[in-house]
Amino acid sequence: MTAPQHSRDLPEPTDGHDSDPDLLTRPSARRTVARRSLMGELWVVTVAFAAILLLLLVFILQNGQRAEVSFLGAHGHLPMGVALLLAAVFGILLVALPGTARIVQLRMLDRRSAAAQAARRPAPSSLTPRRSRSG
């Protein structure tokens, strides 16, 4: 079916919501959707990272009172915000290290499985198809 050429060829609205008389005569407004790009995603990540850094800076500045910190025999005085931020970073590392080890382990198992499947497949003997002997 071809697209209508004139406004009189356009179908009449079926429900009462599209009763605008100019809707039938104006050209259709098609919305084009832009594809996501790597630079666009990088921009979003950069803005989000800057917002997080700003929040961390506010946190550190608001928690400036001194705190005594002892860790593995080392003693020192740090601002409370810095001490809490360091504790959070060490907590993230304690979670990330075993997770990273598990990801590496799963990738190694996947590679071994793929290599075993490739070894089980028969190699193609030639590029020409075989003829059946039924004839």
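Helices (H or I, at least four residues) and strands (E, at least two) are DSSP runs, numbered from the N terminus. This is a predicted model, in which local features need pLDDT of at least 70, side-chain atom pairs count only at pLDDT 80 or more, and totals for chains, interfaces and linings use all residues. Residues are numbered from 1 along each chain as its sequence is written, and side-chain values use heavy atoms, with hydrogens and water left out.

**View 1. The protein chain holds 2 helices and 2 strands.** Follow the chain from the N terminus and you meet its elements in the order α-β-β-α. Of its 135 residues, 3% count as buried (under 20% relative accessible area, 1.4 Å probe, protein chains only).

**View 2. Helix α1 (residues 38–62) meets helix α2 (residues 80–120).** Their axes (lines fitted to C-alpha atoms over the stretch in contact) come within 6 Å and cross at roughly 135 degrees, with angles running from 0 to 180 degrees between N-to-C directions. The two helices are therefore oblique to each other, a word for angles that are not under 35, over 145 or 65 to 115 degrees. Look for Leu-56, Phe-59 and Ile-60 of α1 in contact (heavy atoms within 4.5 Å) with Gly-81, Val-82, Leu-84 and Leu-85 of α2.

**View 3. Asn-63 sits in the loop between α1 and β1 (66–71).** Asn-63 is buried, with a relative accessible area of 18%. Its side chain reaches the backbone oxygen of Phe-59 at 2.9 Å. Leaving aside residues up to four places away in sequence, Asn-63 touches Pro-79, Met-80 and Gly-81.

Key: Buried < 20%, exposed > 50% of the residue type's maximum accessible area, 1.4 Å probe, protein only. Polar contact = N/O pair within 3.5 Å; in protein donor to acceptor, adjacent residues only side chain to side chain.
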